[in-house]
Amino acid sequence: MLTATSRSRWIVPARATEGRIRLFCVPYAGGGPSVFRTWPDRMSSDIEIWSVHLPGRETRVNEPAIGDLPSLIRALSKAIEPYLDRSFALFGHSIGALIAFELARELRRGGSFLPDHLFVSACPAPQVVDTDRISDLSEDAFFDRLQQFNGTPPEVMAHPELMALMVPTLRADFALRDTYRHVSAPPLQCSISAFAGSDDVIVKAEALEGWSEQTDRQFHLWRLPGDHFFLRDAHNPLVSIVSRVLQGGMRPEARD
């Protein structure tokens with residue numbers, strides 16, 4: 001059972017009620033727990049909502065970000081284990097989806113834990129080779145790419161002191177994908193729901209279809225209005241779908 005002694009700086013509550021299932025949410029590059037602060041407003045009360053709080057952001061801004069995915073997953077899997085005393089699900093957006101996927105595989109390797117559901121958002125299937133390296137771009141080119149993603153507010157981009165704090169974390173987060181090498185393994189024994197933005201020019205919906213190969217259960221691809229950060233523009237439908245799936249009121253389609 002989760003106790004005060006098992007509280008971790010890696011896992012923070014957005015709503016830590018006594019729910020029947022815990023949803024752990026992993027943010028996009030540079031994001032922190034505040035990304036999910038409004039999710040409880042539209043989520044069923046029987047779903048606990050916890051945010052993964054990675055080093056280098058928000059209250060952990062003074063800690064160096066981790067740019068190596070295996071190292072990050074090892075630390076995160078150890079931190080999350082005390083919270084897995086009941087059914088749970090994982091949600092990740094963009095690089096957060098890749099982290100959530102590899103976390104599920106790491107927990108499976110441990111032999112004890114497997115999520116009921118994996119939600120992946122705005123992230124290509126892991127077996128899709130990504131040759132678009134971002135983490136080691138020059139400063140000007142890196143800033144140009146950030147503007148294309150449309151994830152960093154213009155007022156933040158125009159603030160040199162803030163960007164000086166954020167850029168090392170952002171580069172480390174992009175390095176997680178840039179250096180990622182997918183290793184084939186049996187599909188996960190949990191359903192996967194994937195989300196794509198209808199106007200996302202960074203990650204096309206077709207790149208998410210391959211997630212169907214990573215599950216031997218049900219898979220569904222949802223298309224929502226918005227660009228790469230549709231989790232802001234389409235916040236309400238996204239959170240409602242996640243909530244209904246976890247409640248069993250909206251089942252992913254069976255594969256063909």
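Glu48 and Arg22 form a salt bridge, with their closest N and O atoms 2.6 Å apart. A salt bridge here is a side-chain nitrogen of Lys or Arg within 4 Å of a carboxyl oxygen of Asp or Glu. The structure is a predicted model, in which local features need pLDDT of at least 70 and side-chain atom pairs count only at pLDDT 80 or more, while totals for chains, interfaces and linings use all residues. Residues are numbered from 1 along each chain as its sequence is written, and side-chain values use heavy atoms, with hydrogens and water left out.

**Salt bridges**

Side chains of opposite charge can pair when their charged atoms come close. The whole structure holds 15 salt bridges. The bridge between Glu48 and Arg22 links distant parts of the chain: Glu48 is in strand β3 and Arg22 in strand β2, 26 residues apart. Strands (E, at least two residues) and helices (H or I, at least four) are DSSP runs, numbered from the N terminus. Glu48 is buried, as its relative accessible area is 1%, and Arg22 is buried at 2%. Buried means under 20% relative accessible area, exposed means over 50%, and partly exposed lies in between (1.4 Å probe, protein chains only). Arg22 and Glu48 also belong to a network of salt bridges with Asp85 and Arg86.

The table lists three of the salt bridges.

| Pair | N to O distance |
|---|---|
| Glu48 and Arg22 | 2.6 Å |
| Arg60 and Glu63 | 2.7 Å |
| Asp136 and Arg133 | 3.5 Å |

In the pair of Arg60 and Glu63, Arg60 is buried at 3% relative accessibility, whereas Glu63 is partly exposed at 26%. In the pair of Asp136 and Arg133, Asp136 is exposed with a relative accessible area of 51%, and Arg133 is partly exposed with 35%.

**Charges over rings**

Arg60 also lies over the face of Trp10, at 4.6 Å from the ring centre. The charged end of Arg171 sits over the ring of Phe142, 4.3 Å from its centre. A charge counts as sitting over a ring if NZ of Lys or CZ of Arg is within 6 Å of the ring centre and within 35 degrees of the ring normal.

**Aromatic pairs**

A pair of aromatic rings is described by the distance of the centres and the angle of the planes. Rings of Phe, Tyr and Trp (its six-membered ring) pair if their centres lie within 6.5 Å; planes under 30 degrees apart are stacked, over 60 edge-to-face, and the rest tilted. This rule gives eleven aromatic pairs. The ring centres of Tyr28 and Phe229 are 4.7 Å apart and their planes stand at 90 degrees, so this pair is edge-to-face. Tyr28 is in the loop between β2 (21-26) and β3 (47-52), and Phe229 is in the loop between β7 (219-224) and α6 (230-233), 201 residues apart. Both Tyr28 and Phe229 are buried.

Trp50 and Tyr83 are also edge-to-face, because their planes are at 70 degrees, with ring centres 5.2 Å apart. Trp50 is in strand β3, and Tyr83 is in the loop between α1 (69-80) and β4 (87-93), 33 residues apart. Trp50 is buried at 1% relative accessibility, and Tyr83 is buried at 0%. Together with Phe24 and Phe88, Trp50 and Tyr83 form one aromatic cluster.
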